[in-house]
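Thank you for letting me take a few minutes of the meeting. I would like to walk through one structure with you, part by part, so please keep it open in front of you while I talk.

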Amino acid sequence: VIDVLRLSPTIHRLVTPSPLDLFAIHRFLITLLYWQAQDKAGVVKLRKSLLAGRMPGAVIQGLAKESSSFGLFYPRRPFLQDVSAKESKASSAAYLFSEMAAGTNVAHFHHGDDDDARLCPCCATLGLLRLVPWTQSGGAGKQPALHGAPPIMPLAIGANLCETLGLNLVPADRAFGSPRWSGQFKPSSGKTRIPLLEGLTWNTRRVYLGAPGPAGQCIRCGHAGVALVGPIVFEKNPACKQDEADPAAWQDPAAFYNAEYRTIKTGKESAAATRDDLRKLFEQRFGKKIEPAPTSAVVAANPGHGEWLVVLPCTNPANNKSYDHRSEEMTGFDTPPAGRATFWHDTTPWLADDQRVLPKADSQRASPGVLKFVHLASRLDSTAWAVLSEAANQPLNHSPAAFDIFTGLYWPLRNKDRTLPSRNAAWLALKVMATAGQLRPSGRNISGPYEPWREITLRDSPAKTRVYPRSVPVGRALEVELRSLIRRHAQKSSPTMVDWPGLCQFIHIFNP
């Protein structure tokens with residue numbers, strides 16, 4: 001850490017595969033700088049020096065004197081660990097990373113055994129640094145981070161690392177207090193105004209790595225021949241329960257907040273597809289109604305700055321995997337937001353997953369991504385269809401074999417075509433296809449004239465009304481109804497084929 005800070009004027013920027021790790025590393029370095037600045041006046045002076053490309057020697061010297069705070073395996077004061085929890089029940093080391101399989105949490109193409117999860121010291125450190133900014137809620141009453149479910153976090157990018165740190169080191173109008181680098185974190189302020197350094201090291205978990213074990217291969221990065229960590233202690237910290245705390249008691253220096261001191265989050269995949277989660281960071285107009293832009297201390301301290309990296313963590317507990325967490329490069333917050341990424345013709349008065357304005361049934365047409373997905377599904381063999389039919393009416397994590405078939409179809413397309421159906425819609429459609437018997441899509445049968453969604457109507461809607469219903473079954477209820485409709489259709493004397501792209505598009509609209 002000292003070397004990185006000392007050389008920061010000559011380092012262009014830090015990079016990591018995960019946007020969560022990238023922000024966590026910067027946040028840790030910035031916390032160290034706040035610690036050395038000690039008060040608001042010190043922050044102003046240090047920020048000016050960093051923006052000029054100079055890392056003060058006093059900062060390096062001050063941190064060198066505190067080196068005993070950062071030993072990963074120090075027996076008495078291990079970094080960001082609670083040695084008093086060492087006798088607690090051991091858990092999988094994979095719990096440090098939301099995208100890794102652990103307990104009941106499944107992950108893409110990974111069905112490992114919790115007992116086999118081992119991490120190298122580098123990955124274990126990254127997992128510890130993630131805890132403060134990115135911890136999500138978990139089972140058995142495990143609290144999320146201080147700001148609740150992880151919010152959208154902007155990072156101002158400078159010409160070099162030194163300038164980047166200066167841009168994100170902004171004055172704070174609150175007491176600084178003291179950081180907590182080791183031991184069980186216990187708030188000193190209760191529900192009152194939380195000191196800056198206390199909030200920046202607020203740890204809602206009690207973690208203990210223990211001594212490193214035999215050399216092997218890290219389950220996360222693949223690095224081999226190093227001593228590995230795991231199993232570990234990973235449990236809730238009851239001292240951090242803040243359910244009734246005043247939301248104004250803490251505001252993260254980076255996060256966006258609305259007028260009620262609530263953070264701005266993202267979670268819906270459909271919002272990510274249309275970039276609506278980014279548009280929430282700007283003023284929005286809905287007719288005569290104006291939704292003001294949320295505020296961020298880092299953004300406010302850098303008006304007119306033109307290079308930003310915005311980290312958008314997925315806050316949907318069912319989908320908090322690494323490929324759902326993303327980052328976006330932006331040119332600033334002083335100009336109008338980028339246009340909504342619509343994947344439909346301009347003359348179509350609706351957008352994917354937008355139920356405020358619904359199209360007539362006659363205007364149903366599948367997007368290019370839906371057509372690609374259905375075409376790939378039509379190439380599955382009978383064995384794959386049998387596996388998928390066994391997963392009918394089950395969630396995506398029910399069967400590893402079915403999960404791998406689905407991801408083998410879906411993920412190769414995901415980064416190439418933003419018009420794909422949502423994950424939930426694609427999974428539901430694939431199960432309906434698998435249980436359709438002779439009507440399921442094949443090389444010679446991708447689509448047909450039969451449109452089962454037209455038979456789903458509201459009770460108070462006239463039978464001849466050719467418009468989409470305003471309310472349809474969702475999830476498993478829709479899956480069962482569609483299977484029933486297709487089964488009845490197949491029993492006709494001369495059954496025709498199903499319009500699978502149209503059906504997949506319909507599911508995508510109403511089951512995002």
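Strand β1 pairs with strand β6, residues 232-236, in the antiparallel sense, and two bridges join them. If you look for one of those partners, you will find that S91 is bridged to I232 in β6. I should say early on that what we are looking at is a predicted model. The pair belongs to an open sheet of three strands, in the order β1-β6-β3 and with antiparallel pairing. The edge strands, each pairing on one side only, are β1, residues 90-91, and β3, residues 205-208.

Just ahead of β6, in the loop that runs from β5 (224-227) to β6, sits P231, and the peptide bond leading from G230 to P231 is cis, with omega near -10 degrees. This is worth a pause because most peptide bonds are trans, and most residues other than glycine have a negative phi. On that second point, Q38, in the loop between α2 and α3 (40-51), has a positive phi, near 75 degrees. Y261, which is placed in the loop between β6 and α8 (269-274), likewise has a positive phi, in its case near 65 degrees. Q38 is exposed, with a relative accessible area of 59%, while Y261, at 39%, counts as partly exposed.

Let me turn to the interior. Which residues have the most contacts inside the largest nonpolar core? They are Y34, L96, L165, L209, L281 and F333, in a core of 87 residues. Helix α2, residues 19-37, gives the largest share of this core, with 12 residues. Apart from it lies another core, of 45 residues, and V374, L409, L428 and L439 are among them. In general, nonpolar side chains in soluble globular proteins tend to be buried together. To take one residue of the largest core, L96 touches, leaving aside residues up to four places away in sequence, a set of residues including L119, L128, V207, L209, I232 and F234.

A buried residue in a loop is also worth finding. P151 lies between α5 (121-134) and β2 (153-156), and because its relative accessibility is 0%, P151 counts as buried. Beyond residues up to four places away in sequence, P151 touches W134, A255, T263, I264, K265, V311 and P313. The C-alpha atoms of P151 and G267 are 9.8 Å apart, although 116 residues separate the two along the chain.

Now to helix α16, residues 500-510, where 11 of its 11 residues are buried. Those buried residues pack against α11 (368-377), α14 (423-434) and α15 (475-490). At the N-terminal end of α16, D499 acts as a cap, with a side-chain oxygen 3.1 Å from the backbone nitrogen of G502. Within this helix, C504 is buried, with a relative accessible area of 1%.

That cysteine brings me to my last point: how many disulfides are there? The count comes to zero. C120, for example, is in no disulfide, and the nearest cysteine sulfur, which belongs to C123, is 3.7 Å away. The pair does not qualify because the two sulfur atoms would have to be within 2.5 Å. C120 itself counts as buried, at 3% relative accessibility.

Terms used:
Residues numbered from 1 in each chain as written. Predicted model: local features only at pLDDT ≥ 70, side-chain atom pairs only at ≥ 80, totals over all residues. Heavy atoms only, no water. Core = buried A, V, L, I, M, F, W, Y, C linked by side-chain atoms within 4.5 Å. Buried < 20%, exposed > 50% of the residue type's maximum accessible area, 1.4 Å probe, protein only. Helix = DSSP H or I, 4+ residues; strand = E, 2+ residues; numbered from the N terminus. Contact = heavy atoms within 4.5 Å. Polar contact = N/O pair within 3.5 Å; in protein donor to acceptor, adjacent residues only side chain to side chain. Pairing = 2+ DSSP bridges.
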